[in-house]
Amino acid sequence: ELIHKKNPDIVALPEMCYLEELDNYYLKESKNKLIIAGSIYKNGVNYTVVFNNKNKYLIRKCNASGAEPMIRYQENITTEDFIKYHLNNHLFKIKDKKILILNCMEYYQHAYMISKKFNDIFAIICICSNSNQKVFIEESKAIHNHQEHIYSFVINCISTYQKEEYAKGNTYVFG
């Protein structure tokens, strides 16, 4: 309802918040906007779900934490390989501004080097679900010490794991 009512250019939900039953709504509402609908596990792999201009994109997460099951069979990707083979899948344009979408550990692993190498990125949006935002804040500080023109949006969920509090929200913006 808020997406339709407020008509924002960008909507970002945290990792693991995607609801497939909202696909038709997201598709309809994504005309001229970017909707990052969270992420979903499919066949043991975490995908970021993005809607843009009435298209749906599933972007495979390239770097996982040790807590994720996919780490058992997926090797983390180096920043060099991420830039060479995966960066374009993570880039979207809204009102002629380049937006880089990263999923959790991709931010921590790649955002700093990408921000140093590409001066035309307007914002980095990171969706995550973690209990240690300190490492993300440190990464954001490093980025903004060298590239003040880039906005960083880190969208963290509130969640539990085995009935224990896991992530506390801790969403923030730098820039």
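The exercises below work through sheets, helix contacts and aromatic pairs in a predicted model.

Residues are numbered from 1 along each chain as its sequence is written. In this predicted model local features need pLDDT of at least 70 and side-chain atom pairs count only at pLDDT 80 or more, while totals for chains, interfaces and linings use all residues, and side-chain values use heavy atoms, with hydrogens and water left out.

**Exercise 1. The five-stranded sheet**

Task: give the strand order of the sheet that contains β5 and β11, and state which strands stand at its edges.

Solution.
- Step 1: fix the terms. Strands (E, at least two residues) and helices (H or I, at least four residues) are DSSP runs numbered from the N terminus. Two strands pair if DSSP finds at least two bridges between them.
- Step 2: read off the order. The sheet is open, with five strands in the order β5-β6-β7-β8-β11 and mixed pairing.
- Step 3: find the edges. β5 (91–94) and β11 (172–174) each have a single partner strand, so one side of each is left without a neighbour in the sheet.
- Step 4: add the twist, which averages 20 degrees from one strand to the next. Axes are lines fitted to C-alpha atoms, for helices over the stretch in contact, and angles run from 0 to 180 degrees between N-to-C directions.
- Step 5: look at one edge pairing. Strand β8 (residues 151–156) and β11 run antiparallel and are joined by three bridges; S152 stands opposite F174 in β11.

**Exercise 2. Helices on the sheet**

Task: state which strands are touched by α4 and which by α5.

Solution.
- Step 1: contact means heavy atoms within 4.5 Å.
- Step 2: helix α4 (residues 105–117) packs on the sheet and touches β6 (97–103), β7 (121–128), β8 and β11. The direction of α4 makes about 145 degrees with that of β6.
- Step 3: helix α5 (residues 133–146) also packs on the sheet, touching β7, β8 and β11. The direction of α5 makes about 15 degrees with that of β11.

**Exercise 3. Two helix pairs**

Task: classify the crossing of α3 with α4 and that of α4 with α5.

Solution.
- Step 1: set the classes. Angles under 35 degrees count as roughly parallel, over 145 as roughly antiparallel, 65 to 115 as roughly perpendicular and the rest as oblique.
- Step 2: the axes of α3 (residues 79–90) and α4 come within 11 Å and cross at roughly 90 degrees. Helix α3 is therefore roughly perpendicular to α4.
- Step 3: list the residues. T79, F82, I83, L87 and H90 of α3 meet E106, Q109, H110, M113, I114 and K117 of α4. By class they are five nonpolar, four polar and two charged, where Ala, Val, Leu, Ile, Met, Phe, Trp, Tyr, Cys and Pro count as nonpolar, Asp, Glu, Lys and Arg as charged, and the others, Gly among them, as polar.
- Step 4: the axes of α4 and α5 come within 9 Å and cross at roughly 5 degrees, so these two helices are roughly parallel to each other.
- Step 5: on the α4 side the contact is made by Y107, Y108, A111, Y112 and S115, and on the α5 side by V135, F136, E139, S140, A142, I143 and H146. This contact has eight nonpolar, three polar and one charged residues.

**Exercise 4. Aromatic pairs**

Task: classify the pair F122 and Y151 and the pair Y172 and F174.

Solution.
- Step 1: rings of Phe, Tyr and Trp (its six-membered ring) pair if their centres lie within 6.5 Å; planes under 30 degrees apart count as stacked, over 60 as edge-to-face and the rest as tilted. The structure holds eight aromatic pairs.
- Step 2: F122 and Y151 are 5.2 Å apart centre to centre, with 45 degrees between the planes, and the pair is tilted. F122 lies in β7 and Y151 in β8, so the pair ties together parts that are 29 residues apart in sequence.
- Step 3: Y172 and F174 have ring centres 5.3 Å apart and planes at 75 degrees, so the pair is edge-to-face.
- Step 4: compare with accessibility (buried means under 20% relative accessible area, exposed over 50%, partly exposed in between, with a 1.4 Å probe and protein chains only). F122 at 31%, Y151 at 32% and F174 at 22% count as partly exposed, whereas Y172 at 13% counts as buried.
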